[in-house]
Every structure is written in C-alpha cells, then in structure tokens.
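Work through the exercises below with the model open beside you. Try each task before reading its solution.

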Amino acid sequence: MTTKDKVLRLLEENESGYISGEEMAEKLSVSRASIWKAVKALTDEGYIIEGVTKKGYRLVSADILSHETLSPLIPVPVYYYPEIDSTNNEAKRLVAEGVKPPFAVIAEMQTGGRGRRGRTFVSDKGGTYFTLCIGTSDGLDIESTTTRSCLGIADAISSLGFSPQIKWVNDVYLNGKKCVGILTEGIISLEENRVSEVLIGIGVNFMTKSFPEELKDICTSLYPDSNPPITRAEFLSREIRNVLSVLSEKDYIKRYRELCFVIGKDIDVIKLDEKRRGHCIDVDERAHLVVTFPDGHTEHISSGEVSVRPVENHRDI
C-alpha cells in the first residue's frame with residue numbers, strides 16, 4: 001500500500017474530524033513532506049480535502065466519477081468511461097449499435113476532444129465532459145438546440161453562485177474568460193432523410209488547474225484550487241437536468257438575451273474566411289444574431305463566429 005493509500009485510509013477513519021499532518025507522519029513513519037505530497041496527489045485525483053492551520057486535514061468528499069456515482073444522479077441512462085477519444089464519437093458509435101436516446105456519455109478525460117471548426121478542446125482530468133444524445137421525434141427545435149444547451153449550462157454554473165455570461169453562439173464566459181465548450185452535431189437517418197438524433201457535447205473547466213500556453217489568457221476554470229462545494233458527479237447532474245429543462249422551455253430566448261454580452265457591442269463577424277465589422281443590436285426569436293453593418297443594412301446571422309472588438313481610444317484633436 002502506498003503512502004497515498006495509507007493517508008486516504010487515515011482520512012476516511014477520521015471522516016468526522018481533522019487529523020494533523022504531524023500525527024499522520026508519526027503513524028505512517030514518513031516525513032511531513034511525504035504527507036503533503038500524498039494529500040496533493042489525492043486532491044489531484046478528485047478527493048476534496050480541507051486543510052486548516054493548527055487543525056490538520058479533513059476529507060470533505062471523494063469526488064470520484066464512476067458508473068456507480070453517476071447513475072443515481074443522472075436522469076437518463078449513463079455510459080461512463082475513465083478515458084475516451086471523444087464523448088460525441090462514442091455517442092455516435094452507440095447509436096450505430098442500436099442504443100436509443102436519450103442517454104449520456106460521460107468521460108473523466110478525452111484524448112480527442114473537439115470544438116467548433118475542428119479545433120481541439122483540452123480535456124484533462126478535473127473537468128466535466130459529456131455528450132447528451134436526444135431524439136428529434138418529439139418535435140425538438142433542432143436549430144435552437146445549441147443556444148438552449150448553452151443557457152442550460154449557464155444556469156448550472158449560476159446555481160453555484162457564479163455570474164456567467166454568454167458569447168453568441170454557445171460559449172460561456174466567466175470574468176471575461178471562456179470556461180465552457182459546446183459542440184452540437186446531428187445524426188442523419190438515411191431511411192427517413194432527416195436528423196434523427198442530436199448530440200450535445202459539453203465540456204466545462206470545473207477544477208482544471210492549468211491550460212496550454214496559448215489558452216491560459218483566454219480560458220478559466222470554476223475551481224482552479226480544487227475546492228468546489230459539490231462533486232463533479234453532482235455538477236454533471238445539474239448540467240444535464242438544466243439542459244433538458246431549457247430544451248423544453250418555451251420563452252428561453254429572453255433569458256438568453258439577458259446573459260449574451262455581445263448585444264450592444266461592436267463585433268467582427270467571422271464566417272468561412274471572411275471577416276466583417278458590424279454592430280450587434282439583438283438576438284432574434286430564432287436565436288440568430290441581429291447585426292447592422294457600416295453600409296446601413298441589417299442581417300440576421302444564423303451561423304459563424306463573432307469576436308467583440310476592443311473599445312478604441314479616441315481623443316479630441
């Protein structure tokens with residue numbers, strides 16, 4: 001049994017109280033530094049351990065993802081994987097094998113997480129990564145699925161006391177940095193010549209500690225210090241339940257507008273290789289972005305990306 005395992009056993013035995021690092025070191029005949037390293041390794045694995053000066057350590061909860069921890073909390077059938085290429089890819093494979101929606105594919109880590117326009121989505125341990133597969137036979141408004149899902153995730157984050165904002169079309173921001181990635185894909189039934197299933201792939205930087213150099217200034221995490229008030233399993237339950245709720249919400253667009261920080265801003269509209277400057281005035285009832293351009297004409301944009309242009313410094317001459 002490793003020092004880490006022994007420390008975990010001591011913490012579990014003292015679940016209702018604290019045990020000092022010095023006491024654990026004496027019981028295990030190791031150094032205080034070894035105890036600290038073991039505690040850090042456990043928190044990196046998802047265990048929530050509270051450390052208080054002059055008291056010691058206390059095991060708050062074991063934030064471990066598994067089929068056993070997830071299934072009682074998730075309102076749809078769960079397929080869990082410690083590591084997978086992509087939850088969207090696995091959902092496609094399951095549909096091809098005959099699995100019927102709704103269901104959720106959840107992973108601890110993704111080796112090939114994808115974002116929009118073929119971008120890579122960093123999916124290290126500490127985040128929450130899942131795909132919700134839903135059917136379209138119930139009259140689901142497929143066009144608004146992405147924006148509805150984005151609002152559902154913003155609702156889940158808000159429930160933790162944060163104040164997220166939405167960057168059209170489906171990016172959730174916190175304190176000016178991106179914390180959520182969403183990729184929605186449709187599966188076409190060749191027999192019926194229509195979209196038969198929709199895959200909503202969502203990744204949240206929940207306890208992500210660090211980012212690659214090119215992302216560290218534009219991405220953030222909800223709990224970079226690994227001290228959340230709930231486990232990832234509990235948060236995944238909130239995410240999926242909120243998404244399902246917003247998918248059936250009639251007047252969701254009003255709440256979406258309230259969180260969309262693009263409205264009222266000068267923006268660059270990016271579609272394919274073209275970039276146009278404009279001014280966003282609204283999001284319409286179909287979740288299209290309403291943009292006016294310098295020549296005076298207005299467009300309702302249904303796809304593409306936008307970037308908010310920085311405020312220019314003006315001075316009187």
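The exercises cover aromatic pairs, strands and helix packing in this predicted model.

**Exercise 1. Classify the ring pair of Tyr79 and Phe103, and state which parts of the chain the pair ties together.**

Step 1. The structure holds five aromatic pairs. Tyr79 and Phe103 form one of them, at 5.6 Å centre to centre.

Step 2. The angle between the planes is 75°. Angles over 60 degrees count as edge-to-face, and the pair is edge-to-face.

Step 3. Tyr79 lies in strand E3 (residues 78-84), and Phe103 lies in strand E4 (residues 103-110). The pair therefore ties together parts that are 24 residues apart in sequence.

Step 4. Now check burial. Tyr79 is partly exposed, at 27% relative accessible area. Phe103 is buried, at 0%.

**Exercise 2. Classify the ring pair of Phe206 and Tyr223, and place both residues in the chain.**

Step 1. The ring centres of Phe206 and Tyr223 are 5.4 Å apart, and the planes stand at 70°, so this pair is edge-to-face.

Step 2. Phe206 and Tyr223 are both in the loop between strand E9 (194-204) and helix H7 (232-247). They are 17 residues apart, and the pair links distant parts of the chain.

Step 3. Both residues are buried.

Step 4. Look for further rings. Phe206 and Tyr223 form one aromatic cluster with Phe162 and Phe235.

**Exercise 3. Describe the surroundings of strand E4: its burial and its pairing with E3 and E5.**

Step 1. Of the eight residues of E4, seven are buried, so the rest of the structure largely encloses this strand.

Step 2. E4 pairs with E3 in the parallel sense, over six bridges. Across this pairing, Tyr81 stands opposite Ala107 in E4.

Step 3. Trace the connection. From E3 the chain crosses through helix H5 (residues 87-96) to E4. This β-α-β crossover is right-handed.

Step 4. E4 is also joined to strand E5 (residues 128-135), by five bridges. E4 and E5 run antiparallel. Val105 stands opposite Thr131 in E5.

**Exercise 4. Describe how helices H1 and H3 pack.**

Step 1. Choose the descriptors. Two packed helices are described by the angle between their axes and the distance between the axes.

Step 2. H1 (residues 3-13) and H3 (residues 32-45) pack at about 80°, with axes 9 Å apart.

Step 3. Angles of 65 to 115 degrees count as roughly perpendicular. H1 is therefore roughly perpendicular to H3.

Step 4. List the contact residues. H1 contributes Thr3, Lys4, Val7, Leu8 and Leu11. H3 contributes Ser34, Ile35, Ala38, Val39, Ala41, Leu42 and Glu45.

Terms used
Residues are numbered from 1 along each chain as its sequence is written. This is a predicted model: local features need pLDDT of at least 70, side-chain atom pairs count only at pLDDT 80 or more; totals for chains, interfaces and linings use all residues. Side-chain values use heavy atoms; hydrogens and water are left out. Rings of Phe, Tyr and Trp (its six-membered ring) pair if their centres lie within 6.5 Å; planes under 30 degrees apart count as stacked, over 60 as edge-to-face and the rest as tilted. Helices (H or I, at least four residues) and strands (E, at least two) are DSSP runs, numbered from the N terminus. Buried means under 20% relative accessible area, exposed over 50%, partly exposed in between (1.4 Å probe, protein chains only). Two strands pair if DSSP finds at least two bridges between them. A crossover is right-handed if, with the strands pointing away from the viewer, the path from the first strand over the helix to the second runs clockwise. Axes are lines fitted to C-alpha atoms, for helices over the stretch in contact, and angles run from 0 to 180 degrees between N-to-C directions. Angles under 35 degrees count as roughly parallel, over 145 as roughly antiparallel, 65 to 115 as roughly perpendicular and the rest as oblique. Contact means heavy atoms within 4.5 Å.
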